[in-house]
Amino acid sequence: MDNATLIQRDLAAVWHPCTQMKDHEWLPLIPIRRGEGVWLEDFDGKRYLDAISSWWVNLFGHGNPRINAALRTQLDQLEQVFLAGFTHEPVIELSERLLRLAPPGLARCFYADNGSSAVEVALKMSYHAWHNQGAADKTKFITLSNSYHGETLGALAVGDVALYKETYQPLLMQAITVPSPDCYQREPGSSWAEHSARLFEPMKTTLARHAHEVCAVIVEPLVQCAGGMRMYDPVYLQLLRAACDDYGVHLIADEIAVGFGRTGTLFACEQAHVTPDYLCLAKGLTGGYLPLSVVLTRENIYQAFYDEYASQRAFLHSHSYTGNPLGCRAALATLDIFASDNILERNKTLAKAMARATEQFIDHPHVAEVRQTGMILAVEMVQDKATRTPYPWQDRRGLRVYQQALQQGVLLRPLGNVIYFMPPYVITADEIDLMVQAAATSIDHATLN
Ligand SMILES: *Cc1c(COP(=O)(O)O)cnc(C)c1O
């Protein structure tokens, strides 16, 4: 089997996600035969360094021997059983361990099978909890501009990336959108903390005006990933937690992308010392092996549903593969690696190496900003450095970077004009240099004319 044969068969039968399929008339698909560590290998034997952790899911490399072994053992015992009325060891153990690791005050785990569904669960649960408590006017959600929470209609409605949302507007519930504390927008000379705190004012005003009709505020803690890796200071989350308490509104933390060490702490909320009312986790939860998601919530919210059946207060949401045993087993193996290999400490060294390697971009004539939060580092490519004028989206400069980097054996997948690095935690110092050098030549090439 070779690349060409598989590409031909694929394009006759498969419809790919997040893709204008016509692009593949000139942009080659890449069929992957195997993966090992940070490397992916295609059917012609070419290797690619996975600098984006296969859409932010992979933590400890492809084909990780320890996760593989845990899954093989689980496979011989139980592949799947439904979770209504039945249960299994992996889901019990995973719930116990997540509750021990998560910010204090979270007491219950509700499972789904992808990130968007976890967001749907949090939205419905928040509305329903208020409903069960007699707050019938609470039907709305507050979100930040430039946020992303997934592709299903509820999740899309509380997101704000026009590229994904605009077309579907007529189908979506109306969210209340307030300006993001995004520090790329800060005034020269002002710090991340100052800017983020100042941008809390519109949130505060909005809460004051709308709290009576609002179920929850939903945020991506510290990094708006799909919105171009835009970052903000933990102080915003502190202020938000306090205001949500004051105004009687839930806080939903969507840590689907930033959870599991991406921002430097196991969960991003830890950096603000806050506990959300709903913590949504997916992506890295299984180390990037299997689709699984979970929403952690508080005991008082669980109790708002706990009653005689006839009271009709139960949360009757479900998905077929809710809490799948294989997914839970992969998640347990992932947590084992965090515990035994001192990952968060080791990532500090890797994050520093990423910072050092990317210093070269700071003075690049077409780079407006190099920003970093833990194991996420982003480079903002612009047409004009002084005015920060972006390249027109029609130029597809990010796509040029993608193509150039692939030729050099590195998989980057820029978000518009933002080139970012979000590698698996098993990357080495040499591989970081290789990844960044490929980006450097690709950015030079993409900004040449
Ligand atoms: C990826 C992502 C989602 C959606 O998760 P899926 O598993 O792709 O449905 C939701 N929120 C955030 C912050 C994400 O990055």
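**Group meeting talk: a ligand site and three helix pairs**

A polar side-chain atom of Asp254 sits 2.6 Å from a nitrogen atom of the ligand, and I would like to start there, keeping in mind throughout that what we are looking at is a predicted model.

Two further residues make similar approaches, this time to oxygen atoms of the ligand. In Ser116, a polar side-chain atom is found 2.6 Å from a ligand oxygen, and for Lys283 an N or O atom of the side chain is likewise 2.6 Å from an oxygen atom of the ligand. If you now widen the view, the residues around the ligand include Trp56, Asn114, Gly115, Tyr148, His149 and Gly150, and Glu220, Ile256 and Ala257 also belong to that surrounding set.

Let me move on to the helices, beginning with H15, which spans residues 429-446. Helix H14, residues 397-407, has an axis that comes within 8 Å of the axis of H15, and the two cross at roughly 135°. How should we describe the orientation of H14 and H15 to each other? Angles over 145 degrees would count as roughly antiparallel, and this crossing is at roughly 135°, so H14 and H15 are oblique to each other. Their crossing is right-handed. On the H14 side the contact involves Arg397, Arg400, Val401, Gln404 and Ala405, which meet Ser442, Ile443, His445 and Ala446 in H15. Sorted by type, the residues of this contact are four nonpolar, three polar and two charged.

H15 also packs against helix H13, residues 343-357, at an angle of about 35° and with the axes 10 Å apart. This crossing, too, is right-handed. Here Leu350, Ala353, Met354 and Ala357 of H13 make the contact with Ile432, Asp433, Met435 and Val436 of H15, and the residues involved divide into seven nonpolar, no polar and one charged.

The last pair on my list is helix H3, residues 65-77, with helix H12, residues 325-340, whose axes come within 9 Å and cross at roughly 145°. The crossing of H3 and H12 is right-handed. From H3, the contact takes in Arg66, Ile67, Ala70, Leu71, Gln74 and Leu75, while the H12 side includes Pro325, Leu326, Arg329 and Ala330, together with Ala333, Thr334, Ile337 and Ser340. In this contact of H3 with H12, nine residues are nonpolar, three are polar and two are charged.

Technical notes
Residues are numbered from 1 along each chain as its sequence is written. This is a predicted model: local features need pLDDT of at least 70, side-chain atom pairs count only at pLDDT 80 or more; totals for chains, interfaces and linings use all residues. Side-chain values use heavy atoms; hydrogens and water are left out. Axes are lines fitted to C-alpha atoms, for helices over the stretch in contact, and angles run from 0 to 180 degrees between N-to-C directions. Helices (H or I, at least four residues) and strands (E, at least two) are DSSP runs, numbered from the N terminus. Angles under 35 degrees count as roughly parallel, over 145 as roughly antiparallel, 65 to 115 as roughly perpendicular and the rest as oblique. A crossing is left-handed if the near helix is turned anticlockwise from the far one by less than a right angle, and right-handed if clockwise. Contact means heavy atoms within 4.5 Å. Ala, Val, Leu, Ile, Met, Phe, Trp, Tyr, Cys and Pro count as nonpolar, Asp, Glu, Lys and Arg as charged, and the others, Gly among them, as polar. A residue is near a molecule or strand if one of its heavy atoms lies within 4 Å of it. A polar contact is a pair of N or O atoms within 3.5 Å; within protein, one must be able to donate a hydrogen and the other to accept it, and residues adjacent in sequence count only if both atoms are side-chain atoms.
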